[in-house]
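Hi everyone, thanks for coming. I have one structure to walk through with you today, so let's put it on the screen.

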Amino acid sequence: MTKASAQPLTLALLFLGVCLLPQKATAFIAGAGGIQRQRQSASTFSSPSPSALFNSVTWNNGNSYGKGEFRFYKNFDEWMKPFPAEDRELYPDMFRIPDGVYEVRMAKPLGIVFEEFEAGGGGVFVAGLVEGGNAEARGIVQPGDKLIGVTAIKVIGAKWERRLLPCGTWDFDTVVGAIGSNDVKWGCDDVVLQFERPGEAKEEEVKKHLDFFEPPFASSWKRG
């Protein structure tokens with residue numbers, strides 16, 4: 001990853017450590033510029049929406065953390081497989097990625113130059129592609145695309161999970177930390193990213209899609 005910005009660049013990027021401790025450790029915790037910032041959007045539900053209902057069954061806490069079918073995000077279709085056909089009939093929009101949004105799996109280094117929309121937060125977009133890099137070779141990611149979702153690893157004690165997290169309000173360093181946490185030691189041979197292409201997506205559809213992946217208040221992913 002490279003950061004393009006009009007602001008002076010620092011050589012030391014914030015890569016959040018991945019370590020396994022006897023009691024408690026976290027490979028990735030989004031701070032004030034990341035997950036914590038998104039609590040307000042998750043609290044806007046006056047009544048349960050399909051996104052909220054589906055979301056509630058995919059998050060593991062306590063002794064269930066790091067177990068079950070929702071412990072490792074591979075791709076969108078695999079993540080939705082455990083839900084029954086009845087759910088697919090009742091909520092068909094929940095089982096597709098919105099128009100104007102796409103998902104891509106790539107090995108590191110990605111070969112993407114990210115730039116912040118605004119200093120210190122507000123999300124990042126693709127400022128360019130590294131010539132001969134993985135992203136350019138895939139031919140999917142384009143300059144101007146906004147990064148809205150990325151997989152990250154979190155370790156608690158001897159357990160760990162990989163989740164796709166909404167990152168549309170994160171700063172550059174938090175995005176880099178999430179991408180960097182997808183390490184081979186946790187079974188990751190790629191990073192999964194979701195992008196929104198400007199002018200092609202409907203804001204409300206994108207919001208509902210991302211709400212599904214937003215960690216609930218009580219989730220271990222919300223705690224340090």
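I'll start with the overall layout and then visit a few places along the chain.

Please keep in mind throughout that this is a predicted model.

Let's begin with the fold as a list of elements. The chain contains seven helices and seven strands. If you follow it from the N terminus, the order reads β-α-α-α-α-β-β-β-α-β-β-α-β-α. So you can trace it on the screen: a strand comes at the start, four helices follow, and then three strands in succession. At the other end, the run closes with a helix.

Now some totals. The chain has 224 residues, and 46% of them count as buried. Looking at contacts with a separation of 6 or more, 73% are between residues 24 or more positions apart. As for the outside, the accessible surface is about 10,900 Å², and carbon and sulfur atoms hold 53% of that.

Here is a part I enjoyed: which helix is largely enclosed by the rest of the structure? That is H6, residues 172–181, and the reason is that nine of its 10 residues are buried. The buried set includes Phe172, Val175, Val176 and Ile179. Gly177, Ala178 and Gly180 are also among them, along with Thr174 and Ser181.

Next, the cysteines. How many disulfides does a search of the whole structure find? Zero. Two cysteines to look at are Cys167 and Cys188. Cys167 has 0% relative accessibility and therefore counts as buried. Cys188 has a relative accessible area of 3%, so it is buried as well, given that the cut-off is under 20%.

Let's move towards the C-terminal part. Ser219 sits in the segment that comes after helix H7, residues 203–211. Is Ser219 buried or exposed? It is buried, because its relative accessible area is 1%. Setting aside residues up to four places away in sequence, Ser219 touches Trp59 and Asn61.

My last stop is Glu200, which you'll find in the loop between strand S7, residues 191–196, and H7. What does Glu200 contact, apart from its neighbours within four places in sequence? The partners are Asp99 and Gly100. Right beside those two in the numbering is Val101, and its C-alpha atom is separated from that of Glu200 by 8.0 Å, although the two residues are 99 apart along the chain.

To recap the places we visited: enclosed helix H6, buried Ser219 with its contacts to Trp59 and Asn61, and Glu200 in contact with Asp99 and Gly100. Thanks for listening, and I'm happy to go back to any of these on the screen.

Definitions and conventions. Residues are numbered from 1 along each chain as its sequence is written. This is a predicted model: local features need pLDDT of at least 70, side-chain atom pairs count only at pLDDT 80 or more; totals for chains, interfaces and linings use all residues. Side-chain values use heavy atoms; hydrogens and water are left out. Buried means under 20% relative accessible area, exposed over 50%, partly exposed in between (1.4 Å probe, protein chains only). Contact means heavy atoms within 4.5 Å. Accessible areas come from the Shrake-Rupley method with a 1.4 Å probe; for residues, only the protein chains shown count as cover. A disulfide is a pair of cysteine sulfur atoms within 2.5 Å.
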